[in-house]
Amino acid sequence: LAAAVADYVRLNPQVSVDLQMLDRTVNLVDERIDLAIRTSNDLDPNLIARKLTVCRSVLCAAPAYLREHPAPQQVDDLSRHNCLTHSYYGKSLWHFTRRGEEIAVPVQGNISANEASTLLSATLAGAGVSLLPTYQAGIHVRQGTLVRLLPDAEPRVMNIYAVYASRKHMPATLRSMLDFLAGRFTEKPAWDA
C-alpha cells in the first residue's frame, strides 16, 4: 500500500495523503476518514466497498524452529506446535482448504500480536509456526529464511477492499485515488507471483 500511495502522489503532486495504520476498525464518518483499506471477508454493509485484490497467507516457520520441532505432516499436527497468532484473526482457530475440503484446526502459542510484521519478526527468530500474509512472508520463503509448511493445505483467502462512506459528493481526488488503487492491484497480486 505504501508503494502504491507513493506512486499516486508522485503522479499527483498537488495531493497530500495522511496514512493512519490502525489495528482496529474505524468509523469513517466520525473519524473523518475518506478511504480505508480493509482485509476482511465480512464488511460493514453500511459502507461502500470496492474489491482491490486478495490476501493469501502462507503457513511457515524458520529453519531454527524446525531443527528443534519436527515439521507438521498434516493440519491436525499444528495443535501440537507453538503457533504465533494474530490478536484479531485466527487467534485460536486456523482455517484451511485441502483437496476441496474445509478444515479448521485449534491452535495455541505463547506469542500473539495485533500486527503481522511483529509476528513475522518472531517467526524469523525461530519462535514458532505462523500464518502470515504472503505480501510479507513470501520473500522470506523464496530466500529460505522461512520454510513453507503443508503446501497442500491452502489457508483461507481474505479479500482486500477500499471502503468509503458515501458516493454522494465524492471528491475528485478520492475518486482518482480509488481508481488508481483498483488499477494497481489485481486479482493475482504481484507479491504472489
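What classes of residue make up the lining of the second largest pocket, by class? Let's answer that, then follow the strands around it.

## The second largest pocket

First, a reminder: this is a predicted model. By class, the lining of the second largest pocket has five nonpolar, three polar and five charged residues. The pocket itself holds about 230 Å³ of space. Of the 13 residues that line it, those closest to its centre are S57, V58, T134, R148 and D192. The elements that give two or more residues to this lining are β3, α4 (134–143) and β10 (154–155). The top contributor is α4, with four residues.

## S57, a residue to look up

S57 is worth finding in the structure. This serine belongs to strand β3, and it is among the residues closest to the centre of the second largest pocket. Is S57 buried or exposed? It counts as buried, because its relative accessibility is 13% and the cut-off for buried is under 20%.

What does S57 touch, leaving aside its neighbours within four places in sequence? Its contacts are L131, L132, P133, T134 and P155. Two of these names, L131 and P133, come back in the next section, where they point one way from β8. T134 has already appeared, as one of the residues closest to the centre of the pocket.

## Strand β8 and its partners

Now for strand β8, which covers residues 129–133. Five of its five residues are buried, so the strand is largely enclosed by the rest of the structure. In a regular strand the side chains alternate between the two faces of the sheet. Here, V129, L131 and P133 point one way from β8, while S130 and L132 point the other way.

Strands of a sheet pair through backbone hydrogen bonds, either parallel or antiparallel. You can find both kinds around β8. Strand β3 (residues 57–61) is joined to β8 by four bridges, and the two run antiparallel. In that pairing, V58 stands opposite L132. Strand β4 (residues 83–86) is joined to β8 by two bridges, and these strands run parallel. There, L84 stands opposite S130.

Strand β4 also contains T85. This threonine is buried, with a relative accessible area of 4%. T85 and S130 are 45 residues apart along the chain, yet their C-alpha atoms are separated by 6.6 Å.

## The β6-β5-β10 sheet

Three strands form an open sheet in the order β6-β5-β10, with antiparallel pairing. Which strands sit at the edges? They are β6 (101–106) and β10, each of which pairs on one side only. Strand β10 should sound familiar, as it gives two or more residues to the lining of the second largest pocket.

Strand β5 (residues 93–98) and β6 are joined by six bridges. To see one pair, start at W94 and look across to β6: the bridge partner is V105.

## Two cysteines, no disulfide

A disulfide is a covalent bond between the sulfur atoms of two cysteines. How many disulfides does the count come to here? The count comes to zero. C60 is in no disulfide, and the nearest cysteine sulfur, that of C83, is 11 Å away. Likewise, C83 is in no disulfide, and its nearest cysteine sulfur is that of C60.

Both cysteines are also tucked out of reach of the probe: C60 counts as buried because its relative accessibility is 0%, and C83 counts as buried at 0% too.

Definitions and conventions. Residues are numbered from 1 along each chain as its sequence is written. This is a predicted model: local features need pLDDT of at least 70, side-chain atom pairs count only at pLDDT 80 or more; totals for chains, interfaces and linings use all residues. Side-chain values use heavy atoms; hydrogens and water are left out. Buried means under 20% relative accessible area, exposed over 50%, partly exposed in between (1.4 Å probe, protein chains only). Two strands pair if DSSP finds at least two bridges between them. On a 1 Å grid over the protein atoms alone, a cavity is a set of points where a 1.4 Å probe fits but cannot get out, and a pocket is an open set with protein on both sides within 12 Å along at least five of seven lines; lining residues have an atom within 4 Å of a point. Grid points are joined across faces, edges and corners, and a volume is the space filled by probe spheres set on the points. Ala, Val, Leu, Ile, Met, Phe, Trp, Tyr, Cys and Pro count as nonpolar, Asp, Glu, Lys and Arg as charged, and the others, Gly among them, as polar. A disulfide is a pair of cysteine sulfur atoms within 2.5 Å. Contact means heavy atoms within 4.5 Å.
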